[in-house]
Every structure is written in structure tokens, then in C-alpha cells.
Amino acid sequence: MLGRVANTIYWMNRYLERAENYARFMDVNYNLSLELPPNEVEQWQPLVLITGDWELYESLYPKVEKSKVIYFLTFDKENPNSIFNCILNSRENARAVRAEITKEVWEQINALYYLVKNTAAKKNQTNKELRRFFTDIKNGCQLVYGMYYATISRNEGWHFAKLGQIIERADKTSRVLDAKYHLLLKSPKLVGSSLDLIQWAALLKSVSAFDMYRKKYGKLTSSGIAEFLILDTEFPRSILACLLSAERCLITLSGSSVGFSNLAQKKLGVLKSQLEYADINDIIAEGMHEYLDDLQGKLNDVSSAIYNSFFSIEPYIQTQSQS
Amino acid sequence: MYDTSFTLMPKLDFSAYDTKGFYDEMFDENNVIRPNYKLFAERLQNFSQKKLNTLQHATDRAQLSLGMTFNVYSDNQGIERILHLDIIPRIISSNEWTELEKGLQQRIKALNLFIQDIYNDQKVIKDKIIPKEMIFSSASYLKELEGFKPPKDIWCHITGSDLIKGGDGQYYVLEDNLRCPSGVSYMLENREILKRTFPELFEQLDVKPVYNYTHTLRDTLESLVDIDKPTVVVMTPGIYNSAYFEHSYLAQQMGAELVEGRDLVVKNDMVYMITTNGLQRVDVIYRRVDDDFIDPEVFNKKSLLGTPGLFRAYLKGNVVLVNAPGTGVVDDKAVYAYIPRIIKYYLGEDMILPNVKTYICDEADDCKYVIENIHNLVVKQTDASGGYGMLIGPKSTKKEQQEFIAKIKAKPRNYIAQPMINLSRVPTIADNTIEGRHVDLRPYALYGDDIKIIPGALTRVALEKGSIVVNSSQGGGSKDTWVLNS
């Protein structure tokens with residue numbers, strides 16, 4: 001497979017996963033805002049913090065406002081990571097690799113594009129319309145995954161697509177945990193209150209983890225939730241489960257299951273082992289934020305290593321100009 | 001909800017349909033339905049105008065969904081347009097098609113011999129069939145190819161000639177398009193869309209299928225090298241090219257890799273693509289990048305679309321380029337005027353499919369005639385296409401005519417003129433009614449072991465009333481083209 005094409009497929013899916021995550025974050029936060037007691041301030045800033053685009057938000061909008069945050073994360077063309085731009089980029093990437101994907105997958109990504117394009121063109125959307133939109137985005141992305149799963153051969157392209165999706169997913173889970181965890185622990189007097197419970201539940205729902213967490217742990221506790229979202233090996237959105245899945249992709253792509261045969265495998269293997277032998281109590285004792293911050297940095301390193309190991313065409317271009 | 005079209009809606013009414021002054025493909029001069037449209041017309045009786053409008057609307061949506069769009073501006077926020085597909089097909093009888101097929105085969109065979117000759121022995125020049133200045137002054141003539149013979153001596157593997165039918169009911173070849181003819185994906189997808197929107201009409205109408213085009217294309221490309229399972233790729237300028245949909249469509253349908261110039265590298269005069277596992281040798285390139293841009297080492301130095309060294313690899317015979325570079329010399333509108341003589345010269349046969357009468361401004365008598373009769377003629381720039389650089393005499397102002405006369409006098413070699421042909425018309429949906437609109441016809445030919453004409457075509461239609469400009473860049477649409485089996 002062409003290096004450029006592999007890179008494009010990887011990003012096609014990263015953007016799709018990002019759009020789906022954003023839609024879920026917003027929908028859950030919306031839901032949460034409905035259940036808050038009247039005197040409680042709505043928490044919209046953490047949403048922007050999660051995405052890592054706080055600086056851009058501050059430069060565009062004077063203060064944190066529900067409607068501005070929603071616009072910024074959903075339709076804002078100035079925000080390279082808004083749902084609008086994520087879907088646009090995913091589709092441009094899909095167009096560039098149209099020959100690698102099936103008609104089913106392409107038509108569904110294309111349909112998502114028309115969904116965001118047409119919705120973005122409408123003025124003054126009601127809450128109901130917006131929530132409907134978030135649901136449509138979530139379902140639309142899931143439909144792409146489903147069609148991908150059902151119609152694409154497990155060839156190189158499949159594994160690069162999968163890599164893009166799970167690296168993005170691990171990153172978003174770590175970010176949502178980081179932002180929410182801090183927020184929740186800032187108010188020790190609320191521990192155990194009904195507000196506290198609603199917010200923990202919302203955190204789990206942001207990553208579609210509520211039902212599976214309940215099944216495994218029953219009681220909502222901060223350490224239990226952190227453990228579930230970082231170290232669980234069975235839940236598909238936990239960070240370790242994502243890394244395990246990425247490892248399998250890299251083994252297939254590299255053809256070696258012992259040790260490593262390229263930088264991507266090496267970086268990922270080290271990070272995965274670190275999580276495999278981690279204990280949630282140690283993580284909490286050492287500082288959750290520091291831990292997650294470090295982890296996000298290492299995920300970025302893995303992504304760069306994938307680029308250098310498989311996609312980069314720089315060395316060839318150099319030999320080309322020398323000849 | 002139930003479909004009311006059969007009971008309450010008025011039936012289609014063709015009584016006001018106007019065929020005066022033009023050849024209409026569906027009705028003869030007495031407003032009687034022609035035999036090739038007979039069964040279709042009977043079935044169409046079951047549709048109301050409203051139902052047709054609904055179906056028409058559904059095809060627009062289908063095209064958007066398939067991504068059959070082209071960018072109007074070259075950035076990703078630009079406007080994407082579809083090539084409007086009118087749902088009333090153009091229907092061609094079996095006999096008419098057989099003649100057309102023979103004519104195209106004859107023409108392509110002769111033109112291929114001509115190209116081989118002008119880059120090699122130049123007998124056609126020595127025998128004074130065509131003046132040598134005509135060839136060497138063509139912007140598309142590539143002196144780098146002198147003495148070169150492509151694999152299997154085939155230059156124009158893929159052709160999409162533009163044909164028109166005049167008021168006399170006769171087909172004429174307007175342009176040969178031997179470079180990178182586009183539009184074949186529309187021929188294929190239009191058929192798929194029409195089958196979906198009009199299933200009732202298709203049944204038992206005995207329309208020749210077009211679906212095997214991409215199989216034949218792949219076979220043609222593979223037949224050019226003596227390698228078992230050669231690596232065939234489609235080369236595109238990228239996603240911002242207006243024909244990108246077609247490039248990706250053909251690659252996907254053929255199961256070929258879709259590459260850009262930057263995906264290829266030339267080492268030791270061989271072409272490789274850069275893959276996730278290193279370099280992989282490429283054998284055949286169906287390139288949709290123009291001659292001028294394929295190799296910055298030889299042609300346009302600023303081209304970022306090509307691959308340095310590609311042309312060198314080609315001349316060494318290490319890769320096949322399809323179509324061969326240098327074929328554009330036939331597309332020169334001045335060379336076109338000599339084609340009847342070229343066919344006679346190489347094949348000893350009279351031309352089956354006639355040319356449109358062409359005045360060569362570079363020849364003194366013709367030039368004088370053109371200037372005196374410019375108001376009746378269509379004047380064309382010899383190296384332009386897409387409906388640009390032309391003057392339609394009867395529809396132009398005195399000022400425009402004077403401007404063109406000045407241009408012709410300055411550079412007569414760059415202009416030809418042709419009489420105005422009344423393009424034939426096909427009934428077309430227009431604002432809640434059906435009216436005749438002018439059409440042309442672009443059938444596709446593949447030249448491998450033999451010359452195959454695919455039984456179908458892209459029919460381009462000028463959507464604006466009275467217009468004869470069918471180019472997609474200037475408000476043209478398309479129609480599915482049905483070739484009947486009997």
C-alpha cells in the first residue's frame with residue numbers, strides 16, 4: 001500500500017473518531033446541565049479543556065458561554081477540530097483514498113458531510129435540534145465503523161484505519177478523565193452527594209462506559225472509574241485496551257511479534273507494558289494529572305513513530321533529487 | 001400515502017413538443033415517434049410530469065451521495081457541483097450504432113498509424129499529404145519522441161471522440177480527443193442511476209450493457225506488457241482536479257492503485273511506487289496528467305503533479321504510459337482538417353464517419369472566406385478545448401467578430417472555422433415540461449489487441465434553451481445513452 005494512502009486512511013479514521021467523541025461529550029454535558037440544581041453553574045469550560053483547544057477558544061471568544069462553546073466545538077470553521085472540520089477532513093481523506101474503501105463506507109462518510117454541512121447552514125438551532133444532531137453524528141459515525149467492519153478486508157489499510165481510530169480514542173479517554181477528574185476532586189465537601197454522583201455518571205457516559213462499569217464495579221468511586229478507564233483490558237475505550245488493540249495492528253503490519261522491528265512497535269510496546277504493570281493506587285498517589293499528561297505525550301510519540309515507520313516519504317524524495 | 005400519478009395526474013403530453021428546424025432523436029419531422037424510441041415512449045405514457053420531476057430530483061440526490069461531484073474552485077471549501085443528469089435517455093438503434101462503430105474503428109486505426117508515422121518515418125509529410133509546418137508548429141508535437149515506438153505500436157489506447165448529428169441526421173466527428181478523454185465514469189454511473197430510478201423502463205428494452213468497460217480497460221492496460229500480473233496504476237493530479245471522481249472511480253473499479261506524482265519515484269530508469277513496505281515496481285500507468293506535467297525534468301519544470309525521470313523511464317521501455325505522450329498533435333484543430341486525407345492515405349479507404357467541413361485560416365483562400373463569412377461560422381482556437389476560445393458567429397456581436405478577425409490575422413495558424421451545425425435534439429426535462437435540447441455524443445474506444453467501441457456513450461446536453469454549448473464547465477448536463485440490441 002502507498003505510504004501516502006496509509007497515512008490518509010489513518011487520519012480519515014482519526015478525524016471520524018474525534019467527531020464522534022466530541023458529539024458524545026457535548027450530548028452528555030447537555031444532559032448533565034439539565035439535571036443540575038438551579039443555583040449550580042454549568043460546566044462548559046472543561047469541555048474546551050478536554051479538546052486541548054482552550055487557547056484558540058480564548059482568542060476567539062471573550063468568555064465562556066454555553067452557546068459559544070457549543071458553536072466552537074460543533075460548527076466553528078475557525079476551530080480545526082470542530083465536528084464540522086473533523087467530518088470535512090475525514091471526507092476529504094476518504095475522497096483521496098476512495099479507491100481503497102468500499103462504496104458503502106464512502107457513501108456513509110459522504111452522508112455525514114452533508115449532514116454537518118446542511119446543519120451548519122441553519123441559523124438559531126433549538127436545543128432539541130442540536131441534541132438530535134449530536135445523536136445523528138454519533139450514529140452516523142458508528143454506521144461507518146459498522147460498514148468498515150462488514151465490508152473491508154483485513155488488509156494493510158484496515159490495520160492503519162484501526163490504528164488511527166484507537167490512538168485517537170485512547171487520547172480522548174485520557175483527556176476526558178483528566179479534565180473531569182480534576183474538576184470533581186476540587187470539591188471534597190461534595191463527595192458522595194447526589195451532584196457528585198451525577199457528575200461521575202456523566203464522566204462515564206461521555207465515553208459510553210456507564211453500563212459496562214456498573215456491571216463490573218457496581219459502586220461509583222473515583223478510583224474505580226479511573227482504574228476502569230485507564231487499566232481495564234476488556235472495555236474497548238479504556239486506554240490499555242486501546243493500546244493492546246494497537247499492538248495487534250502493529251504486529252500484523254510489521255510481521256514480528258517478538259520484540260520490535262520498527263520505532264512504532266518499540267514506543268507502543270514500552271507504553272503498553274508501563275500500563276500493564278501499573279496499579280491505580282500508585283497512579284493516584286503520584287498524581288493523576290501528571291500521569292495522564294505524561295501518557296498523552298507518549299501517545300503523541302507513538303503517533304509520530306507510526307508516521308516515520310510507515311508513511312514518511314521524505315527519505316525517498318531525497319534520493320530522488322540526488323539522482 | 002399512495003402514488004397518485006396514475007389516477008389523478010395528467011398524462012405526459014407531447015402535443016406541444018416542437019421539432020421544427022432541427023433533427024430530433026425521438027420524433028421525426030411529422031412528430032411521429034422514431035422506431036428506436038417506440039417502446040420507451042409507450043412505457044413513458046405511465047408517468048405523469050410530476051412523477052418525472054420527482055425522479056429527476058432523486059437522480060440529483062443520488063449523484064451527491066455517490067460523490068459524483070467536481071470542484072469549481074480549487075480549495076476544499078469550494079463549491080462542489082454535479083453534472084446534471086437528465087433522466088430521459090438518448091436511444092440509438094442497433095443499425096445506427098454498427099455504422100458508428102465501424103467509422104470510429106477506422107478512424108482510430110488510421111490516426112494511430114499517423115502518429116507512429118510522424119514520430120518516425122514521416123512518410124505522410126514526404127508524400128505531401130499534410131504540410132510539415134502543420135505538424136511541427138503544433139504545441140502538442142513532442143520532438144523528444146522522434147524515433148520512438150511505443151509497446152505494441154499503440155499510441156491512443158483510450159479515445160473519447162466527440163460526435164454530433166446534424167439536421168441531415170448524419171453523424172459528424174467534431175473532435176477526436178486522443179489525450180486524456182474524460183467522462184467515461186459518467187457513462188457508467190449514469191446507467192446505474194437510471195436503472196435505479198427507472199427500473200420499469202429498463203425491463204425487456206434490450207439495451208446493450210456498458211458495465212464491462214472497466215474490465216476491458218484493465219485487460220487493455222495489462223495487454224501492453226508481457227508480464228504475468230503486471231502492476232497497473234491510475235495517475236491523478238489529486239483530489240482538487242475536476243475529474244478526480246473519475247480517476248478514483250476507475251482505479252477502484254479496476255482494482256488498481258490510485259497514485260499521484262509524489263507517490264512515484266524513478267531509480268535506474270525504472271518506476272516505483274513508495275509503499276509502506278518500501279518500493280514497488282510499476283509497469284503500466286494510466287495517467288490522467290497532461291503531457292506537459294508528467295515529468296518536470298523534461299516538460300513543465302514547475303510541475304508538482306509529475307514524477308522526475310518518468311519520461312526517461314518511458315523512453316527506455318521500462319514503463320508504459322497510457323495514452324502515449326505526443327498524441328495531442330491529432331487533437332490540434334488544424335490537423336483535424338486533414339483527417340479525411342490521412343484515412344485515405346493509410347487505409348486506402350474512404351472515411352466512414354465524416355468530418356465537419358473545416359476552413360484552415362493558415363491557408364490563404366480559407367482565411368479570406370472565414371473573414372468574409374465570420375457571422376455564419378464557428379471559429380475555434382486550434383489548441384483550446386472545453387468550449388473555450390471560440391466564437392459562434394451567428395450568435396456573436398459585430399464587436400466580437402472584429403476581435404476574432406484581428407486574432408486570426410495576427411496568428412492564422414491558431415484558428416480554424418466550421419459552418420454552424422444544428423446539433424440534434426433529445427427531449428429533456430425543463431421546468432415542469434419537456435422540451436428539445438441540443439446534444440452531442442462521446443463514445444469510448446479501447447485499443448489493445450483490437451479496437452473495441454463500448455456500446456454506450458456520454459451524451460452531453462446543453463440545458464439552456466437554444467444553446468449549443470454542451471461542455472460541463474459551461475452549463476452542460478448529461479444523458480444516459482442506450483444502444484439497442486435490435
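Which residues have the most contacts inside the largest nonpolar core? In this predicted model, they are Ala19(A), Ile83(A) and Ile285(B), and the core itself has 228 residues. Helix H1 of chain A gives the most to this core, with 14 residues. In soluble globular proteins, nonpolar side chains tend to be buried together.

Ala19(A) can be followed further. Apart from neighbours within four places in sequence, Ala19(A) is in contact with Ile83(A), Cys86(A), Ile87(A), Ser90(A), Ile137(A) and Cys141(A). Ile83(A) is thus named twice, as a contact of Ala19(A) and among the residues with the most contacts inside the core.

**Domains of chain A**

Chain A is divided into domain 1, residues 1-152, and domain 2, residues 154-314. Taken over C-alpha atoms, the centres of domain 1 of chain A and domain 2 of chain A are separated by 20 Å. The contact between them takes 28 residues from domain 1 of chain A and 28 residues from domain 2 of chain A. On the side of domain 1 of chain A that touches domain 2 of chain A, H1 and helix H2 (45-51) of chain A each supply at least two residues. H1(A) gives the most to that side, with 18 residues.

**Contact between the chains**

The two chains also meet: 21 residues of chain A are in contact with 21 residues of chain B. On the side of chain A that touches chain B, the elements giving two or more residues are helix H1 (3-35), helix H5 (83-96), helix H6 (103-120) and helix H16 (314-322) of chain A. H6(A) gives the most to this side, with 5 residues.

The make-up of the two sides of chain A is set out below.

| Side | Nonpolar | Polar | Charged |
|---|---|---|---|
| Side of chain A that touches chain B | 11 residues | 4 residues | 6 residues |
| Side of domain 1 of chain A that touches domain 2 of chain A | 14 residues | 6 residues | 8 residues |

**Helix H12 of chain A**

Helix H12 of chain A covers residues 239-254. At 1.5 Å a residue, its 16 residues should span 22 Å, and the end C-alpha atoms of H12(A) are 22 Å apart, so the two values agree. The buried residues of H12(A) are Ile239(A), Leu240(A), Ala241(A), Cys242(A), Leu243(A), Ala246(A), Cys249(A), Leu250(A) and Leu253(A). Gly255(A) follows H12(A) and has a positive phi, near 80°.

**Chain B**

Chain B contains 15 helices and 23 strands. A compact globule of 486 residues would have a radius of gyration near 23 Å; chain B has 23 Å, so the value agrees with that expectation. Along its principal axes, the C-alpha trace of chain B spans about 75 × 60 × 45 Å. Of the 486 residues of chain B, 46% count as buried. Among contacts in chain B with a separation of 6 or more, 68% are accounted for by residues 24 or more positions apart.

Is Glu372(B) buried or exposed? Glu372(B) has 11 other C-beta atoms within 10 Å, and a residue counts as exposed at 12 or fewer, so Glu372(B) is exposed. Glu372(B) lies in helix H14 of chain B, residues 364-372. Glu372(B) and Ile405(B) are 33 residues apart in sequence, and their C-alpha atoms are 9.5 Å apart in space.

How values were computed: Residues numbered from 1 in each chain as written. Chains lettered and ligands numbered in written order. Predicted model: local features only at pLDDT ≥ 70, side-chain atom pairs only at ≥ 80, totals over all residues. Contact = placed C-beta atoms within 7 Å. Helix = DSSP H or I, 4+ residues; strand = E, 2+ residues; numbered from the N terminus. Nonpolar A, V, L, I, M, F, W, Y, C, P; charged D, E, K, R; others polar. Domains from an automatic or database assignment. Buried ≥ 20, exposed ≤ 12 C-beta atoms within 10 Å, placed from the backbone. Core = buried A, V, L, I, M, F, W, Y, C linked by C-beta atoms within 7 Å. Expected span 1.5 Å × (residues − 1). Rg over C-alpha atoms; globule rule 2.2 N^0.38 Å.
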